[in-house]
Amino acid sequence: MGENGEEKLLAMAHHIAKTLGRDDSMTDDILQIFSKFDGRFSRDKLSPSDGDYHPRAYAPPLEPTLHSLNRQISQYLSADHSIWSDTADSSAFLKAIDELLAFIRDWSHSASTDRSVDACLSRADELVGQAMFRLRDEFRTLMETGGDSLELGQRYGHGADPANDDSEEDLEDLEGDDNDHIPVARPVTDYNIIIDALPSGTINDLHDVAKRMVAAGFSVECSSVYSSCRREFLDESISRLGLQKLSIEEAQKMPWQDLEDEIERWIKAMNVAVRILFPSERRLCDRVFSGLSPTADFSFMEVCRGSMVQLLNFADAVSIGSRSPERLFKVLDVFETLRDLMPELDAQFSDQFCLLLRNEAMAIWKRLGEAIRAIFMELENLIRRDPAKAAVPGGGLHPITRYVMNYLRAACRSRQALEQVFDESILSPNEYAKLDSRAASSSLSVQMAWIMDLLESNLEAKSKIYREAALCSVFMMNNAKYIVQKVKDGDLGALLGEDWIRKHVAKVRQYQQNYMRSSWNKVLGVLKLDTSSHADRLEATSMREKLKLFILTLEDICKVQSTWVFVDEQMREDLRVAAIKLLVPAYQDFVSRLQNGPEMRKHGARSGVEEIEALIDDLFRGRNQSDGGRV
């Protein structure tokens, strides 16, 4: 053998020994075995005196090695079936790729100084590209076929309980369903679920492929295939929850009733996406790209971005929509949903690629808070603009009073959310949790007190429509009593405080006293005696006529007030008792001072008291008041 041939033989022997040996000691043992067959394979002939190994001296020849790797890899590149249909084929293919990448790595430092090495490496790079394209196709096939039996959209789309994740019968029942029909999911109450959308074996295969593609510099291509497949799955899962794919403009143009229904579906879809779908995708992504952190984070962002943007766009459309007061409660629902999900979003979208999505969610949440404040401003304008034209019949409860009080009571069911909204800095959920509750509620308390002041001013203006002072007092008494009762029965009382309640209870009593004076002083005036006259001079005035005038005056007042409304049952009873206590003693006192007169002997005092009580009872307990307490 010539000198060049012998050098190649020695290099090949050393390569074999070094490849098989786990360390230098084992390599020496293998070389010792070789030397027994041929002295040329001894350690001193294979090793330089300094003990170092130069890759050019001992690596296998480039051309034969590259030819061998090309032959091994090409047989799989030309295969018309999936390489991963056979475990032996997939293992051999990956092993050949590993050797090709190692080959390039070992010789890449010599490419700049040796043209022959450079040429071989160029062909090796081309072979790597071909292998990566085939790996990409195999990766897609694994993604598409691996999830056929584990389709989340089918489970939730047909209303199955996601907690029963191990129910094989449910999956079998779904196989024959019409896939063209996209049903609406039932409400999900248990979100403590992680879905394994792919079998473990498939995930392991995907990881093996991803590791080689990333090592070869094809991480973008690998991520693209992964994201495309999982994104399609995620989009379909969300659509099967009943949510339409709307642009911001399309959502804004929807009739309000349709938008209300869509908000309900959005809340369900948002909860399922953030609490089930996204965590499941995060877990799958981390397993497929285990140890490949940047690629895993980027792929997760690419998978979730489209669905997340769709969900956030809808919330944004709600935030920039009409400020009509009746929209408050649905806007609050969207606000609270985002607030409650923000901790999950913080955890899932905290890496460099997803941070933009998390920040956009926070920005939209704040815009929803601004929309809520704007809606309250519109409520204030509605109260101011409510005209004082037509009087409410009988001084009853005004519609604006009923509307505003029931509106505020309903709004206060979301007190925590409103406290966050009306805090000037609109803190994040985590920051708000650390805030003192009294400080947090102060802004909301001021807002509620301001609205109550506007309502009272509006009612006082409306009360001036009534010509009779007594009816004016009845109107204010009815509305003030209703306001106080609504405040005391709900969270409004805690916001406005005990001082506010005491002050307005006193106002109700004042309105009652004003009513009593305006209504019954005229009746009492009939019984007023002229203290400058003598009893005997009263005989000139017919006692029968005077007492008759008292009863007639009382009857006239009761007849006029029979159409008046006293909305609160307890208030009616208090007024009835007060009227009797005011009129009956005055009547009895009149009778007692004149009990010796002849007219009184003809007119029994007892029958007069009974008549007075009957008239008052009929006024406050009669059928005209039977519906007065309905609010």
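Helices here are DSSP runs of H or I, at least four residues long, numbered from the N terminus. The model is predicted.

**Overall make-up**

The chain has 28 helices and zero strands. Of its 631 residues, 47% count as buried. Contacts with a separation of 6 or more are mostly long-range in sequence: 79% of them join residues 24 or more positions apart.

**Second largest cavity**

The structure holds five cavities of 30 Å³ or more. The second largest has about 90 Å³ of space. Three helices each supply at least two residues of its lining: α20 (437–463), α21 (469–488) and α23 (498–526). Of these, α21 gives the largest share, with five residues.

The lining residues are E456, L459, M476, N479, A480, I483, V484, H504, K507 and Y511. By class, six are nonpolar, two polar and two charged.

**Nonpolar core**

The largest nonpolar core has 172 residues. Helix α13 (residues 256–288) gives the most to this core, with 16 residues. In soluble globular proteins, nonpolar side chains tend to be buried together.

F139, F376, Y515 and W520 have the most contacts inside the core. Take F139 and set aside its neighbours within four places in sequence. Its contacts are then L206, V209, A210, C222, V225, Y226, V288 and F289.

**Two single residues**

R339 and S228 both lie in helices, and their accessibility values are listed below.

| Residue | Helix | Relative accessibility | Class |
|---|---|---|---|
| R339 | α15 (residues 328–348) | 11% | buried |
| S228 | α11 (residues 219–239) | 38% | partly exposed |

Why does R339 count as buried? Buried means under 20% relative accessible area, and R339 has 11% relative accessibility, so R339 falls in that class. The side chain of R339 also makes a polar contact of 3.0 Å with the side chain of D340.

Why does S228 count as partly exposed? That class runs between the buried limit of 20% and the exposed limit of 50%. S228 has 38% relative accessibility, so S228 belongs there. How far apart are the C-alpha atoms of S228 and M143? They are separated by 9.8 Å, although the two residues are 85 residues apart along the chain.

How values were computed: Residues are numbered from 1 along each chain as its sequence is written. This is a predicted model: local features need pLDDT of at least 70, side-chain atom pairs count only at pLDDT 80 or more; totals for chains, interfaces and linings use all residues. Side-chain values use heavy atoms; hydrogens and water are left out. A nonpolar core is a set of buried Ala, Val, Leu, Ile, Met, Phe, Trp, Tyr and Cys residues joined through side-chain atoms within 4.5 Å. Buried means under 20% relative accessible area, exposed over 50%, partly exposed in between (1.4 Å probe, protein chains only). Contact means heavy atoms within 4.5 Å. On a 1 Å grid over the protein atoms alone, a cavity is a set of points where a 1.4 Å probe fits but cannot get out, and a pocket is an open set with protein on both sides within 12 Å along at least five of seven lines; lining residues have an atom within 4 Å of a point. Grid points are joined across faces, edges and corners, and a volume is the space filled by probe spheres set on the points. Ala, Val, Leu, Ile, Met, Phe, Trp, Tyr, Cys and Pro count as nonpolar, Asp, Glu, Lys and Arg as charged, and the others, Gly among them, as polar. A polar contact is a pair of N or O atoms within 3.5 Å; within protein, one must be able to donate a hydrogen and the other to accept it, and residues adjacent in sequence count only if both atoms are side-chain atoms.
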